[in-house]
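Please read the following points alongside the sequence and the coordinates. They are meant for a colleague who is new to this structure, and they take up charged pairs, surface and packing in turn.

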Amino acid sequence: VIEQHSGVFVVRDDLIAGGTKRRILPPLLTGADEFIYASPAYGYAQVALAHAAAAQGVRATVFTAKRKVLHPRTQEARAAGAKIVLVPTGYLSNVQAKARAYAAATGAALLPFGLDTPAVIAGLAAVARALPITPAEVWTVAGSGVLSRALQAAWPGAAFHAVQVGKAPQIGRARLWVAPE
């Protein structure tokens with residue numbers, strides 16, 4: 001769904017269970033029975049993976065920092081069928097190390113941070129190119145920067161802005177804005 005507000009087009013991927021990356025994950029979830037993701041507590045890729053894995057009939061396992069109360073996105077991933085592994089001392093580097101060790105021990109497929117693969121970037125770019133818009137300016141949130149880089153591939157003539165919401169993202173040629181939160 002695309003909405004227009006005061007001349008600004010908004011692509012409403014928030015209306016898709018699992019969001020933007022959910023659109024392109026299903027064909028990528030092949031070659032394993034279980035897919036592992038190390039997620040920041042607030043990360044949305046954990047939700048995309050959970051919904052896509054459920055649709056594909058494979059298992060999703062999300063490693064994330066242990067918290068007193070699960071973040072709503074982790075709760076959504078669990079509700080969508082993902083196994084949640086809570087990691088004490090949950091710095092992302094520690095969460096990633098635990099996920100790597102689990103994947104090595106079980107033979108499960110470990111997905112990279114932000115789902116940062118050429119196939120994901122190409123898939124997102126193809127989705128964007130298929131939209132009935134060619135924007136002159138694009139604003140995105142940037143956790144890993146994957147979405148911003150994919151959209152830059154789709155619309156090379158546009159000016160890009162990325163709002164950082166976590167660690168320093170890889171944003172290509174976008175202008176970076178840091179959310180104060």
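1. A word on terms comes before the residues themselves: a residue is called buried when its relative accessible area is under 20%, exposed when it is over 50%, and partly exposed in between. The model discussed here is a predicted one, and the points below should be read with that in mind.

2. Side chains of opposite charge can pair when their charged atoms come close. With a salt bridge taken as a side-chain nitrogen of Lys or Arg within 4 Å of a carboxyl oxygen of Asp or Glu, the count for this model comes to five salt bridges.

3. One of these pairs is R23 with D13, whose closest N and O atoms are 2.7 Å apart. The pair links distant parts of the chain, although R23 and D13 are both placed in the loop between β2 (8-11) and β3 (34-39), ten residues apart. How buried or exposed is each partner, R23 and D13? R23 has a relative accessibility of 33%, and because this value falls between the two cut-offs it counts as partly exposed, whereas D13, with a relative accessible area of 8%, is buried.

4. A second pair is formed by R59 and E34, and here the closest N and O atoms are 3.5 Å apart. R59 belongs to strand β4 (residues 59-65) and E34 to strand β3, so the salt bridge ties together parts that are 25 residues apart in sequence. E34 has a relative accessible area of 7%, and it is therefore classed as buried.

5. R149 and D116 also meet through their side chains in a salt bridge, at 2.8 Å from N to O. Distant parts of the chain are linked by this pair, since R149 sits in helix α5 (residues 146-154) and D116 in the loop between β6 (109-110) and α4 (118-129), 33 residues apart. D116 is partly exposed, its relative accessible area being 31%.

6. Which residues are linked in a network of salt bridges? They are E3, R12 and D14.

7. Turning to the surface, I2, F9 and V11 make a nonpolar patch of about 230 Å². Among them, F9 has its place in strand β2 and is partly exposed, with a relative accessible area of 46%.

8. For the packing of helices, the reader may look at α4 and α5, which pack at an angle of about 55° with their axes 8 Å apart. Angles of 65 to 115 degrees count as roughly perpendicular and those under 35 degrees as roughly parallel, and α4 and α5 are therefore oblique to each other. The crossing of α4 and α5 is right-handed.

9. Two further pairs of positions can be compared along the chain and in space. E76, found in helix α2 (residues 72-79), is partly exposed, with a relative accessible area of 29%; E76 and A50 are 26 residues apart in sequence, and their C-alpha atoms are 8.4 Å apart in space. P169 is found in the loop between β8 (159-164) and β9 (175-178), and at 11% relative accessibility P169 counts as buried. The C-alpha atoms of P169 and V141 are separated by 10.0 Å, while the two residues are 28 residues apart along the chain.

Methods:
Residues are numbered from 1 along each chain as its sequence is written. This is a predicted model: local features need pLDDT of at least 70, side-chain atom pairs count only at pLDDT 80 or more; totals for chains, interfaces and linings use all residues. Side-chain values use heavy atoms; hydrogens and water are left out. Helices (H or I, at least four residues) and strands (E, at least two) are DSSP runs, numbered from the N terminus. Buried means under 20% relative accessible area, exposed over 50%, partly exposed in between (1.4 Å probe, protein chains only). Patches are made of residues with over 30% relative accessible area and no salt bridge: like charges are joined within 9 Å, nonpolar side chains (Val, Leu, Ile, Met, Phe, Trp, Tyr) within 5 Å. Accessible areas come from the Shrake-Rupley method with a 1.4 Å probe; for residues, only the protein chains shown count as cover. Axes are lines fitted to C-alpha atoms, for helices over the stretch in contact, and angles run from 0 to 180 degrees between N-to-C directions. Angles under 35 degrees count as roughly parallel, over 145 as roughly antiparallel, 65 to 115 as roughly perpendicular and the rest as oblique. A crossing is left-handed if the near helix is turned anticlockwise from the far one by less than a right angle, and right-handed if clockwise.
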